[in-house]
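Hi,

Here is the model I promised to pass on. Have a look at it first, and my notes follow underneath.

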Amino acid sequence: MIDWKKILVPVAAVVVLLLLWELLVWAMGWPDYKMASPSDLWPAFLRYQHLFWQYGWQTLWRTVVGLGVAVVFGTLLGMVMGLSKTMNDALYPLLVGFNAIPKATVVPVIALMFVGQHDFNTILMAFMISFFPIAVSVAIGLSTLEPEYRDILRSLGASRMTVFWKIALPKTLPEFFGALKVAVTLAFIGTNLVEIITPHGRGLGHLFQSAQTNSDFPLMFAVLIALAALGIMLYYAIVALERIFAGWAVRPGH
Amino acid sequence: MDNLIDIKGVTHAYKTKAGPFPVLRDLNISIPQHSFCAVVGPSGCGKSTLTRLIAGLMFPDQGEVWLHGELVKSPRKTVGMAFQNPVLLEWRTILQNVILPLEIVAPMMPKAQKEARARELLAMVGLEGFEGKRPSELSGGMRQRASLCRALVHKPDIIILDEPFGALDAFTREDLWQTMHQLRANEPFTALLITHDLRESVYLGDQVVVLSGRPATTQYVMSVDIPGPRPLEMLYEPDTVERLAVLRREIQIAQGRAVA
């Protein structure tokens, strides 16, 4: 059963936005180098279509791998912090400090540390920028578990691990997916940051770079739109996973 | 007499930065098998501590908790618990929620058998037809009924009820009181009920224990020797009114507002 309204409304919103954009550029008489219009983007996309697919794929898989590592690491870190008060006190300031470092400044550092390891560098950055919200949400989810939930199982002699698997983990899933939605966009930013800052000829970030070098403004804008489209795709992939694993948290009517 | 639970001279204090914080002092409670013990007392007098001691989730500084002739040294599989908050798991159906203790206590039991047992209890409390619903689809009273089923599903020696009816409206609460009597008639169990409601304590309890203010000690024990299931009209009989007056006074003494 497909709810057409649910699909048509957002599509209509995109069309309206594109029309307004086109109209604005036309009314202001802006040249391409100031602001390309949507009608210029399509030809730019068609001309370099094969590059879009190739680079888009590179950006996509490196983001997803980086995010995957962030999910595993962030969840483990969140578990450690959520289940042990001491570890929470010890790790929180470190984590906040690490997160506060602008990641653009880290790019040259890791580029030097792992010279030529472009895929690795990119995945590392996607991971570093995105694990924080996951760790924090899992930690908060676990540490705020009401004691009664624990007691019903502990009083039956259940181990800490059983309580974790049967109650704490599933109960944390809604918060986890909330964080994952933030993390997926962050991972995406991380990937592109590396692709744009370190010249290694891969990913949509690189396509953006070469468009800039060649003053191909419609292509630059087309890349931005492609990035936005990829971002939306990834986001809704997470939403689909959320429906499957934490659909119970969605009350009917919302 | 053969008691299922014997709490003997239990004294307990929490350790705080400002030094020990005594909550229980020389507390004694005995509950015979298949009898229902209601515990009342001023708020914050350590009633919830008592439930955790019986469940084996905590151990007293002094004194002993005996369950079924054994000293309680660790959590036991033979306890069922229900709280003011029904704490049902939102990602499970009502049926799956009720089954939960069986998954811990009897992991080898066939699924069909677990489900049959849960269905039987749900039918007893009037939740037939709601097995497949999520907790969020049920009213507060119905959730509490499901929570009672979960406390009973593994046929525990004792169920510990920590104000399970406290957050319900007056009519729903009376319904659930009657449900408790029906459940006891269908399959006898031993219960310890923590409550703030004197009417509830007299209607449900075979004995009512009044605890003193903190640190709590056994101040008064009233025996309510009326066989169950008791009709709701019992609440309006002169006998009951008299009992309530006595309990009321004991609570005032416990609160320090009246002198013994």
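To start with something you can check by eye: in which hand does H2(B) pass H3(B)? The crossing is right-handed. Keep in mind throughout that this is a predicted model.

**The helix pair in chain B**

The two helices in question are H2, residues 94–105 of chain B, and H3, residues 111–124 of chain B. Their axes lie 9 Å apart and the packing angle is about 115°. On the H2(B) side the contact is made by Ile94(B), Leu95(B), Val98(B), Ile99(B) and Leu102(B). H3(B) answers with Lys114(B), Glu115(B), Ala118(B), Leu121(B) and Leu122(B). By type, that contact comes to 8 nonpolar and 2 charged residues, with no polar ones.

**Where the chains meet**

H2(B) turns up again at the interface. Chain B puts 19 residues into the contact between the chains, and chain A puts in 17. On the side of chain B that touches chain A, strand S6 (79–83) and H2 each supply at least two residues. That side of chain B consists of 12 nonpolar, 3 polar and 4 charged residues.

From the other chain, have a look at helix H7 (residues 147–154) of chain A. Its buried residues include Asp151(A), Ile152(A), Leu153(A) and Arg154(A). What do the buried residues of H7(A) pack against? Part of the answer lies within chain A, namely helix H8 (160–197), and the rest is S6 and H2 of chain B.

**The six-stranded sheet**

S6(B) also belongs to a sheet. This one is open, has 6 strands in the order S6-S7-S8-S3-S9-S10 (chain B), and its pairing is mixed. S6 and S10 (218–223) of chain B are the edge strands, and each has a single partner strand, so one side of each is left without a neighbour in the sheet. On average, neighbouring strands here are turned by 15° against each other, direction ignored.

S9 (residues 207–211) of chain B is worth a closer look. Of its 5 residues, 4 are buried, so to speak of it as mostly covered is fair. With S3 (residues 36–40) of chain B it pairs in the parallel sense, over 4 bridges, and Val40(B) stands opposite Val210(B) there. With S10(B) the pairing of S9(B) is antiparallel, over 5 bridges, and Val208(B) faces Met222(B) as its opposite number. S9(B) and S10(B) make a hairpin, with 6 residues between them.

**The four-stranded sheet**

Chain B has another open sheet, of 4 strands in the order S2-S1-S4-S5, and here the pairing is antiparallel. Which strands sit at its edges? They are S2 (19–32) and S5 (70–71) of chain B, each pairing on one side only.

S1 (residues 3–16) of chain B pairs with S2(B) over 10 antiparallel bridges, and the hairpin they form has 2 residues between the strands. S1(B) is also joined to S4(B), by 5 bridges that are again antiparallel. Ile7(B) is a handy residue to click on: its bridge partner in S2(B) is Ile29(B), and its bridge partner in S4(B) is Val65(B). At the other end of the order, S4 (residues 62–67) of chain B and S5(B) run antiparallel with 2 bridges, and Leu67(B) has Glu70(B) as its bridge partner in S5(B).

**Chain A and its annotation**

For chain A there is also something from the record. An unreviewed UniProt entry lists residues 7–29, 60–83, 90–116, 122–145, 176–197 and 217–241 under "transmembrane region". I looked at two of these spans in the model. Residues 176–197 of chain A are 100% helix and 0% strand, with the end C-alpha atoms 31 Å apart. For residues 90–116 of chain A the helix share is 81%, again with 0% strand, and the end C-alpha atoms lie 35 Å apart.

That's what I have so far. Over to you!

How values were computed
Residues are numbered from 1 along each chain as its sequence is written. Chains are lettered from A and ligands numbered from 1 in the order in which they are written. This is a predicted model: local features need pLDDT of at least 70, side-chain atom pairs count only at pLDDT 80 or more; totals for chains, interfaces and linings use all residues. UniProt positions are given in the numbering used here, feature names are shortened, and annotations may be inferred rather than shown by experiment. Axes are lines fitted to C-alpha atoms, for helices over the stretch in contact, and angles run from 0 to 180 degrees between N-to-C directions. A crossing is left-handed if the near helix is turned anticlockwise from the far one by less than a right angle, and right-handed if clockwise. Two residues are in contact if their C-beta atoms, placed from the backbone, lie within 7 Å. Ala, Val, Leu, Ile, Met, Phe, Trp, Tyr, Cys and Pro count as nonpolar, Asp, Glu, Lys and Arg as charged, and the others, Gly among them, as polar. Two strands pair if DSSP finds at least two bridges between them. A residue is buried if 20 or more other C-beta atoms lie within 10 Å of its own, exposed if 12 or fewer, and partly exposed in between; C-beta atoms are placed from the backbone.
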